[in-house]
Amino acid sequence: MADPTNHNQAGEVAPSTVDKQAPSVAEEHAPSTDSPEATDIPTANAPDPKAANPETNPNAAKPVATPPKREKPAAKAAVGEKPAAAEEKPAAAAKAAKKEKAPSVEDKPFVEFIEQDYLPALQKAIAQQGVQDLQVSFAKQKMPITGFESAQECWQIIGSWKEKGQRQFNLYFPEEDIQGKKGFSCNEGKKPSTLESFLIDERKITLDLLVFGLVQRLDGQKWLGIN
């Protein structure tokens, strides 16, 4: 019987070609120790091409860039324009100032209005009509009209001057209110006998209207100007 350990004896089984080719195949696919090279041998530990860095792995899939969400730009204020919050404060202040507007002269107490505003304005207006010696007074007394002797005292503006006799007029305020009822009388050296209503059709009496109304009434009496 032949010794199986003796490879030179006759009848020895020749080695398989697979065994001869295995070292060469392994060497062919073995990486070089000089420099790293990629191999095409599949391996279970190979990274996912999608997860690999595309800069080092050309087979890696490039991620799809997601466009950034566009936000609505905030409205830009014009040069010199103040923010809305800053504008509300001046607007509110202006509104408050409008509500707190200074009262007009007509809102003054009755006596104060007559003495401080009406009498000076009336004297100036009548003087501009050519009357130089006008005497004006303001008093609370009985009406100097026939038939009104028993009436209560009321505030009156009494004006008089000398021109072709003694001319006198009285403007009455029985309610002590320029917006209330008013009366008028006039005479030339005699006691007046007629009491007239004065500015009864006007809804709101102002300083200018009160002056104009009396000057117009005196002019209608032909006491002013060249009359």
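These questions and answers cover charged side chains in a predicted model.

Q: What makes Lys182 a residue with no salt bridge?
A: A salt bridge needs a Lys or Arg side-chain nitrogen within 4 Å of a carboxyl oxygen of Asp or Glu. For Lys182, the nearest side chain of opposite charge is Asp177, 7.3 Å away. Therefore the cut-off of 4 Å is not met. Lys182 is also buried.

Q: Which backbone oxygen does the side chain of Lys182 reach?
A: That of Gly180, at 2.7 Å. The limit for a polar contact is 3.5 Å, so this pair falls within it. Lys182 sits in the loop between β3 and β4. Residues it touches include Tyr172, Phe198 and Glu196.

Q: Why is Lys108 with Asp117 called a salt bridge?
A: Their closest N and O atoms are 3.0 Å apart. The cut-off is 4 Å, so the pair qualifies.

Q: Why is Asp117 called buried, and Lys108 partly exposed?
A: Buried means under 20% relative accessible area; partly exposed runs from there to 50%. Asp117 has 15%, so Asp117 is buried. Lys108 has 27%, so Lys108 is partly exposed.

Q: How do you know that Lys191 and Glu149 form a salt bridge?
A: The N to O distance is 3.5 Å. That is within 4 Å, so the pair counts. Lys191 lies in the loop between β4 and β5, and Glu149 in the loop between β1 and β2, so the pair ties together parts 42 residues apart in sequence.

Q: What makes Arg217 and Glu196 a salt bridge that links distant parts of the chain?
A: N to O is 2.7 Å, within the 4 Å cut-off. Arg217 is in helix α4 and Glu196 in strand β5, 21 residues apart.

Methods. Residues numbered from 1 in each chain as written. Predicted model: local features only at pLDDT ≥ 70, side-chain atom pairs only at ≥ 80, totals over all residues. Heavy atoms only, no water. Helix = DSSP H or I, 4+ residues; strand = E, 2+ residues; numbered from the N terminus. Buried < 20%, exposed > 50% of the residue type's maximum accessible area, 1.4 Å probe, protein only. Lys, Arg positive; Asp, Glu negative; His and termini not counted. Polar contact = N/O pair within 3.5 Å; in protein donor to acceptor, adjacent residues only side chain to side chain. Contact = heavy atoms within 4.5 Å. Lists of a residue's contacts leave out its neighbours within four places in sequence.
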